Amino acid sequence: MNSTENADRSSRMVCDPAELRTLFLFEKLNDEQLDWLCRDGRIETIEPGLVFREGEPATCFYVLIEGALVMSRRIGGDDVEVNRSSQRGAYTGAFRAYLGDRVPQVYDNSLRVTQPSRFYVLDADKFASMMRDWFPMAVHMLEGLFFGIKNVQQQVGQRERLLALGSLSAGLTHELNNPAAAAVRATSSLRDRVAGMRHKLRLVASGKFDHAALETLIRLQEDAVERVAKAPELSPMEASDREDAVGAWLEDHGISGGWDLAPTFVQAGLEAAWLEQVAGVVDDGTLEGAVRWLNYTVETELLMNEIEDSTKRVSHLVTAAKQYSQLDRAPYQVVDVHELLKSTLMMLSGKFGDGITVVKDFDRSLPPIPAYPAELNQVWTNLIDNAVSAMDGHGTLTVRTAREDDRVLVEIRDTGPGVPAEIRERIFEPFFTTKPVGEGTGLGLSISYEIVTKHGGEIRAESPADGGAVFTLRLPVARAGKPVETTPAAAPRVP
């Protein structure tokens with residue numbers, strides 16, 4: 001609704017300077033200033049309904065005299081209420097008109113009244129002129145404060161992202177180093193084993209094995225390779241017992257260093273009964289060469305499996321990094337929150353250490369949700385990083401998901417000291433932090449709050465009776481439209 005349409009359902013009344021003086025905004029003005037307000041402004045009674053809509057040109061400054069108003073923001077396809085007030089003197093509208101064209105002169109939110117309400121109304125250009133003429137020093141200070149805070153928020157926000165990037169890079173480097181080092185070690189060992197196989201192949205080619213025995217050994221070699229792929233997971237006790245049995249068999253058959261060969265055969269799922277097949281096709285003079293040749297085969301296969309596992313681990317980490325950053329995805333899409341949570345946990349796993357246990361209690365029946373996935377990953381990162389810091393290296397991190405009607409619930413719980421009641425209402429404020437100077441910017445939770453509300457959701461913090469802290473997020477399953485980029489809401493001033 002524009003100003004002309006609004007005028008059709010509003011009525012003008014006589015402006016009384018004495019009444020304006022009863023409003024906290026005007027109580028310190030002199031008689032001449034109050035007379036100016038009444039001469040250049042007006043009193044309007046507005047019937048219930050929309051007064052102005054978010055994004056429209058900001059043409060008027062409104063001060064509530066009596067009645068009730070509701071402020072809302074457009075998030076996706078929904079109007080989300082951000083403030084409701086019946087406080088006399090609550091103001092909204094074009095209150096940044098004095099900044100001129102250096103900022104967009106549009107309404108930051110929508111205003112509606114829920115009952116017939118009286119307002120003092122001043123056109124934006126007159127409000128700007130009044131501010132500059134009456135309070136020139138205050139205007140200069142407010143301009144400096146406004147643009148200074150805006151600049152600081154941008155700079156500190158960038159530092160917050162750089163700190164998160166540094167932390168994630170350190171964790172990713174640590175995680176990548178382990179499988180890479182394992183692959184290097186396995187490759188070095190594999191080179192030695194291949195050299196040993198070449199040596200044994202020379203013995204085979206020298207003609208010490210007859211044709212039938214050689215064919216049987218090749219069949220056993222292929223069988224050994226298949227058994228490596230199907231080798232069962234053994235407990236330490238089971239592995240020790242089988243190694244004793246294989247070692248004893250090798251010793252009884254005169255295989256030198258048989259106890260060193262036994263663990264490899266056992267790891268591949270080969271027992272003494274299988275070795276008996278080898279002894280049955282070769283004579284005693286060639287048994288040791290055949291056994292060692294087969295041992296090289298098994299070791300080579302195990303090492304190739306280790307290299308494959310290591311490279312798969314690297315590939316999974318790279319995939320997780322891409323999933324986390326969403327570099328290869330559209331900025332807005334329908335996503336599975338579990339995939340986002342898992343990629344964030346993997347990216348941060350280097351910070352957990354041995355003292356922190358991670359519990360994933362996921363409701364796999366949850367539907368995907370419309371979201372900016374990279375931004376939600378930033379929320380998970382902030383919350384999980386704070387939880388890990390609070391537990392100081394020891395405790396349990398629980399990440400739980402569930403369905404609540406038409407919303408997805410994500411809960412991040414730690415076993416740290418919790419959030420004191422006296423600061424619980426302030427933790428989402430910009431620049432508020434309990435960390436020592438230099439260790440926190442105070443924007444992590446504030447940014448998280450903005451992202452969650454941008455998605456039409458809500459976030460809250462609690463400290464349960466059994467200890468720790470719980471951050472609970474609720475995000476809508478369905479959305480009528482795409483969330484829009486917004487600036488912080490301009491809520492009515494309530495003293």
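A crossing of two helices is called left-handed if the near helix is turned anticlockwise from the far one by less than a right angle, and right-handed if clockwise. The model in your viewer is predicted, so local features need pLDDT of at least 70 and side-chain atom pairs count only at pLDDT 80 or more, while totals for chains, interfaces and linings use all residues. Residues are numbered from 1 along each chain as its sequence is written, and side-chain values use heavy atoms, with hydrogens and water left out.

Select residues 337–348, helix α11, together with residues 373–391, helix α12; helices here are DSSP runs of H or I with at least four residues, and strands are runs of E with at least two, numbered from the N terminus. The two axes come within 9 Å and cross at roughly 50 degrees, which makes α11 oblique to α12 (under 35 degrees is roughly parallel, over 145 roughly antiparallel, 65 to 115 roughly perpendicular, and the rest oblique). The crossing of α11 past α12 is right-handed.

Next, show the side of α11 with Leu340, Leu341, Ser343, Thr344, Leu345 and Leu348, which meet Pro373, Leu376, Asn377, Trp380, Thr381, Ile384 and Asp385 of α12 (contact means heavy atoms within 4.5 Å).

Then move to strand β9, residues 117–123, where six of the seven residues are buried (under 20% relative accessible area, with a 1.4 Å probe and protein chains only). Strand β2, residues 42–46, pairs with β9 in the antiparallel sense over five bridges (pairing needs at least two DSSP bridges), and Ile43 has Tyr120 as its bridge partner in β9. Finally, select strand β4, residues 60–66, which pairs with β9 in the antiparallel sense over six bridges, with Leu122 of β9 as the bridge partner of Phe61.

Note on methods:
Axes are lines fitted to C-alpha atoms, for helices over the stretch in contact, and angles run from 0 to 180 degrees between N-to-C directions. Buried means under 20% relative accessible area, exposed over 50%, partly exposed in between (1.4 Å probe, protein chains only).
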